[in-house]
Each structure stands twice: as C-alpha cells, then as structure tokens.
Amino acid sequence: MAKGLHVIGMIRDMKQRYDVGGKRMNLQELYRTIPGSKSAEILGSVIVKTGCGLPVKLVFVQNRNKR
C-alpha cells in the first residue's frame with residue numbers, strides 16, 4: 001500500500017546492503033560507483049532498493065560539521 005510519504009534521514013555506513021541493478025552493495029561501494037555532481041554540497045545520488053524491496057533515493061552530501 002503506497003502512502004506517498006517523503007522522508008529525509010541520515011544513515012551510517014553499516015552492514016546494510018542495497019540492490020542496484022541486481023548487484024548488492026554497501027554505502028562505500030555505492031559512493032565509488034556513482035557519477036559526481038557539480039554542486040559543492042551534493043556529492044552524488046542513486047536510487048536503490050532495500051533488503052525488503054523498498055525503493056529509496058540515497059543522496060550523498062558533504063558533512064559541513066567535519067572539514
């Protein structure tokens with residue numbers, strides 16, 4: 001059942017795997033494969049599926065608190 005909810009959250013690099021085109025990758029592997037963005041704050045983004053099949057868009061942003 002689709003709720004049409006939009007959520008913004010922050011995740012840590014753990015053992016979670018995401019499905020991208022039939023390949024299962026962790027966050028570090030995903031970050032290395034996506035093309036970079038020209039924006040200074042947004043480093044890249046990709047649409048993946050979680051282990052339960054939920055489609056999610058991951059956006060990699062620069063941490064402004066740690067320089």
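What pattern does the protein follow, read along the sequence? Reading along, you get β-β-α-β-β.

**Figure 1. The whole fold, from end to end.** This is a predicted model, so a few ground rules apply: local features need pLDDT of at least 70, side-chain atom pairs count only at pLDDT 80 or more, and totals for chains, interfaces and linings use all residues. Residues are numbered from 1 along each chain as its sequence is written, and side-chain values use heavy atoms, with hydrogens and water left out. The secondary structure adds up to 1 helix and 4 strands. Here, helices (H or I, at least four residues) and strands (E, at least two) are DSSP runs, numbered from the N terminus. The protein has 67 residues, and 18% of them count as buried. Buried means under 20% relative accessible area, exposed means over 50%, and partly exposed is in between (1.4 Å probe, protein chains only). About 6,200 Å² is exposed, with carbon and sulfur atoms supplying 55% of it; accessible areas come from the Shrake-Rupley method with a 1.4 Å probe, and for residues only the protein chains shown count as cover.

**Figure 2. Asn26, in a loop before the helix.** Look for Asn26 in the loop between β2 (23-25) and α1 (27-33). Asn26 counts as buried because its relative accessibility is 15%. Its side chain reaches the backbone nitrogen of Glu29 at 3.0 Å. That is a polar contact: a pair of N or O atoms within 3.5 Å where, within protein, one must be able to donate a hydrogen and the other to accept it, and residues adjacent in sequence count only if both atoms are side-chain atoms. Leaving out residues up to four places away in sequence, Asn26 touches Asp13, Gln16 and Arg17 (contact means heavy atoms within 4.5 Å).

**Figure 3. Two more loops, Gly21 and Thr50.** Is Gly21, in the loop between β1 (18-20) and β2, buried or exposed? Gly21 counts as exposed, because its relative accessibility is 84%. Along the sequence, Gly21 and Ile47 are 26 residues apart, yet in space they are 9.9 Å apart, C-alpha to C-alpha. Thr50 sits in the loop between β3 (42-49) and β4. Thr50 has a relative accessible area of 17%, so it is buried. Not counting residues up to four places away in sequence, Thr50 touches Tyr18 and Val56.

**Figure 4. Arg32 and Val7, out on the surface.** Helix α1 is home to Arg32, which is exposed because its relative accessible area is 62%. Gly44 is 12 residues from Arg32 along the chain, and 9.9 Å separates their C-alpha atoms. Val7 is found in the segment before β1. With a relative accessible area of 73%, Val7 is exposed too. Val7 and Val56 are 49 residues apart along the chain, with 9.8 Å between their C-alpha atoms.

**Figure 5. The largest pocket and its lining.** About 1,300 Å³ of space lies in here. On a 1 Å grid over the protein atoms alone, a pocket is an open set of points where a 1.4 Å probe fits, with protein on both sides within 12 Å along at least five of seven lines; lining residues have an atom within 4 Å of a point. The largest pocket is lined by 29 residues, and Gly9, Met10, Ile11, Leu58 and Val59 lie nearest its centre. Strand β4 gives the most to this lining, with 7 residues.

Methods. Points joined across faces, edges and corners; volume = space filled by probe spheres on them.
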